[in-house]
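Got a few minutes and a structure viewer? Here are some short exercises, each with a worked solution.

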Amino acid sequence: MNKTHVEQKKGAAAAPLLVQMGIYTTILFVSNLISGLFPKSFPVPAPVIGMILLYVLLSAHLLKLEWVDSLGAFLISIIGFLFVPSGISLTASLDVMRTAGLQLILVIICSTIILLVVTAYTTRTFIWLRKAHLEKHKFVHQPLAIKHRIHVKGEE
Amino acid sequence: MSLLTTPFFGICLSLLVYLCGQWLFKKSHGLFIFQPLFVAMVLGITLLVLLAKFFQQNVTQFYTQAYKPGGDLVFWFLNPATIAFAIPLYKRNDVIKKYWKEILAGLLVGTTLSLFAIVLISKLLGLSQTGIASMLPQAATTAIALPISSAIGGNSAITAMACILNAVIIYALGDWLVRFFHLNSDPIGTGLGLGTSGHTIGSAFALKLGSVQGSMAAIAVVVIGVVVDAVVPLVSRLLF
């Protein structure tokens, strides 16, 4: 797909690293406060609120892209490493794995694939429905287009 | 032993095993079994188990005392990293504005269908009721999934394991899965699927495929959190 207007605006100098860190930590602090307002039965974690907050601030042009872009890109690029402690934390649940390990791991592998494929294909279906719907409307308003198509098909 | 209880040990271990993984991944020309995160996880756990044996300590206790202080410090940086996904999201505002209805519908319907498929698979493989309840909230990130899991009668340790393994599986096998299921012809669906199944790590993987995939995965992480909050307790009430 085409690059958007946002990506074409490159060239503006990135904000100093400490300023970028300041923005990220401030957003985290505020979203942590907001996160505490949600009831226990409906948890919304601070990083998710923070993501929405940063998105809103960028969309409202209160924050400029170059104030957060380079640190964000760096953090995303090392995310595999940042996840290592979570992976290693499974050490603490080795006992659970020993009792029902194989079964659980099989279900988890299947679930991951199910979530990936079902979500992807459900969305694809909805997008296909939208396109089908649009085409239908196009044909109602432009009967000539149909004629043209049939004609071309006939010639094949 | 007391030398190991400073945070330095955990930070150092995390970094070294990950670098080992990166090196192996490069040497093997990208063989999926040597995916850095996977190698780091297996190597790290093995090392901790061996060290615990060496110091004649309980493995869980050794993990909590020696590794966790440093591990938590590294883990903390996942917070700003998650926030950073707002940037790819903002960069593809055009896609969101055009397709927001399809995105929301796809996520809501897709997750609900997946939940029933997961229950079916769990029952086929003979999981206990606690096991099934622990499997349901795994589409959300850990911070959402764990409390929901305990609320519907699951074991939050198993749910945490599921959430973590989801991410590791997507990061290691993502390339293969996307090709095998012919997903990439539709970047929007692919991105949403990767975000739902692989959480933040899945989003990082999706971003490697393209900007649309990355932004869609980031949306999925946010929306799925809310969907799991709302739908999983309902589904569990239907089932149990």
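The exercises below look at a bent helix and then at some salt bridges.

This is a predicted model, where local features need pLDDT of at least 70, side-chain atom pairs count only at pLDDT 80 or more, and totals for chains, interfaces and linings use all residues. Residues are numbered from 1 along each chain as its sequence is written, chains are lettered from A and ligands numbered from 1 in the order in which they are written, and side-chain values use heavy atoms, with hydrogens and water left out.

**Exercise 1.** Find where helix α10 of chain B is kinked.

*Solution.* Start with the ends: α10(B), residues 187–209, spans only 9 Å between its end C-alpha atoms, while a straight helix of 23 residues would span 33 Å at 1.5 Å a residue. (Helices are DSSP runs of H or I, at least four residues; the expected span is 1.5 Å times one less than the number of residues.) Now go to B:Gly198, where a kink of about 140 degrees is centred. That bend is the angle between axes fitted to the seven residues ending there and the seven starting there.

**Exercise 2.** Work out what the salt bridge between A:Asp69 and B:Lys91 joins.

*Solution.* First, check the contact: their side chains meet at 3.4 Å, N to O (the cut-off is a Lys or Arg side-chain nitrogen within 4 Å of an Asp or Glu carboxyl oxygen). Next, place the partners: A:Asp69 sits in α4 of chain A and B:Lys91 in α5 of chain B, so the pair joins two chains.
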